[in-house]
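Let's take a walk through the pockets of this model and the ligands that sit in them. Have the structure open as you read, so that you can follow along residue by residue.

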Amino acid sequence: MRLANSTDSFGLVSRAIHWGMAIGILGMLALGTRISDMQPGLANLWLYSLHKSIGLILLALVLARIVWHRISPPPAPLGPPGGMEQRLARAAHLALYTLLIAVPLSGYVASSATGIDVMLFDRWVLPPLAPVSAAWEDAGFAAHGLLTKLLMAVILLHVAGALKRAIGGDGTVRRMLRG
Ligand code: HEM
Ligand code: HEM
């Protein structure tokens, strides 16, 4: 089984990161929505820590994915080059990458502004990204909430596009599943 990508297929590394991140992101959208309805307290503080830790790992994973794609470029989307479907797929991927960075960063900035240490699995304290301030906290969480809604919309578009291609049988989903 090939690890690297080729001009017309996704290797194991890209596929593992894609599906690992897809599961992680969907779980985090659900967990984030759940905790934002809660009153933070001692009983549920672990859910906040879990959300932050997984979010930071997903941020590291998207950066790793970008570096990996510089080393081993992914295949171009299928379809006629420069065609409408290819352009739409590229735009959706670019939007996904931008949001996969902006969403966890905004959560990190907002959490830093609360004055509570941002920790990785209750073990490693990470440096704060913003001063302790109610204004930064409010703006950061407002941005985090808005960006996550945008992410949900782009994911819906992305999955609809993937399903349309799967129904059309052009091999797009097959090559992301099986290479
Ligand atoms: C890919 C990563 C992430 C996703 C998909 C995600 C998703 C979400 C979502 C959907 C919400 C609910 C927003 C709302 O409806 O207002 C939320 C809330 C929250 N997120 Fe994230 N998040 C991510 C990363 C992070 C990171 C890295 C941190 C901090 C280091 C963080 C801290 C928080 C906190 C503290 C809340 C609760 C805010 C409140 O109480 O209203 N998130 N997240
Ligand atoms: C929450 C989730 C998801 C995220 C964040 C996500 C993100 C991405 C990104 C960034 C790419 C571009 C890869 C590249 O750099 O070339 C991609 C490709 C792809 N995704 Fe997703 N994805 C998600 C869920 C899904 C789901 C559920 C499906 C299937 C129904 C899917 C099917 C595909 C396919 C088939 C490709 C390859 C497109 C091509 O060959 O051009 N994705 N995804």
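Below is a short tour of two pockets and their ligands, in a model that is predicted.

## The largest pocket

We begin with the pocket that ranks at the top by size. The largest pocket holds about 1,300 Å³ of space. Its lining is made up of 41 residues, and His-18, Ala-89, His-93, Leu-96 and His-158 are the ones closest to its centre.

Helices H1, H2, H3, H4 and H5 each bring at least two residues to the lining of the largest pocket. Which of them gives the largest share of this lining? That is H4, with eleven residues. Sorted by class, the lining of the largest pocket has 28 nonpolar, seven polar and six charged residues.

## Ligand 2 and its shell

Now for the occupant: ligand 2 takes up the space of the largest pocket. The elements that each give two or more residues to the shell around ligand 2 are helix H1 (12-36), helix H2 (45-71), helix H3 (84-113), helix H4 (134-168) and helix H5 (172-178). Altogether 21 residues surround ligand 2, with His-18, Arg-65, Tyr-97, His-158 and Arg-175 the closest. His-18 and His-158 are also listed among the residues closest to the centre of the largest pocket. By class, this shell divides into 14 nonpolar, five polar and two charged residues.

Which atoms of ligand 2 pair with polar side-chain atoms of His-18 and Tyr-97? For His-18, the partner is a nitrogen atom of ligand 2, at 2.8 Å. For Tyr-97, the partner is an oxygen atom of the ligand, and the distance is 2.6 Å. His-69 can be added to the picture, with an N or O atom of its side chain 3.2 Å from an oxygen atom of ligand 2.

## The second largest pocket

Next comes the second largest pocket, with about 1,000 Å³ of space. Here 36 residues form the lining, and those nearest the centre are Ile-35, His-51, Ser-111, Phe-141 and His-144. The elements that give two or more residues to this lining are H1, H2, H3 and H4.

How many residues does H2, which gives the most, add to the lining of the second largest pocket? The count for H2 is eight residues. The class breakdown for the second largest pocket is 20 nonpolar, twelve polar and four charged residues.

## Ligand 1 and its shell

Ligand 1 occupies the space of the second largest pocket. Around ligand 1 there are 22 residues, and Gly-32, His-51, Gly-107, His-144 and Lys-149 come nearest. His-51 and His-144 also appear among the residues nearest the centre of the second largest pocket. H1, H2, H3 and H4 each supply at least two residues of the shell around ligand 1. The largest share of this shell comes from H1, with seven residues, whereas H2 gives the most to the lining of the pocket itself. In terms of class, the shell around ligand 1 has ten nonpolar, ten polar and two charged residues.

Two histidines and a lysine are worth displaying with ligand 1. A polar side-chain atom of His-51 is 2.8 Å from a nitrogen atom of ligand 1. His-144 likewise has a polar side-chain atom 2.8 Å from a nitrogen atom of this ligand. Lys-149 places an N or O atom of its side chain 3.1 Å from an oxygen atom of ligand 1.

Conventions
Residues numbered from 1 in each chain as written. Chains lettered and ligands numbered in written order. Predicted model: local features only at pLDDT ≥ 70, side-chain atom pairs only at ≥ 80, totals over all residues. Heavy atoms only, no water. Near = heavy atom within 4 Å. Polar contact = N/O pair within 3.5 Å; in protein donor to acceptor, adjacent residues only side chain to side chain. 1 Å grid on protein atoms, 1.4 Å probe; cavity = no way out; pocket = protein on both sides within 12 Å on 5 of 7 lines; lining within 4 Å. Sits in = over half its atoms within 2 Å of the grid points. Helix = DSSP H or I, 4+ residues; strand = E, 2+ residues; numbered from the N terminus. Nonpolar A, V, L, I, M, F, W, Y, C, P; charged D, E, K, R; others polar. Points joined across faces, edges and corners; volume = space filled by probe spheres on them.
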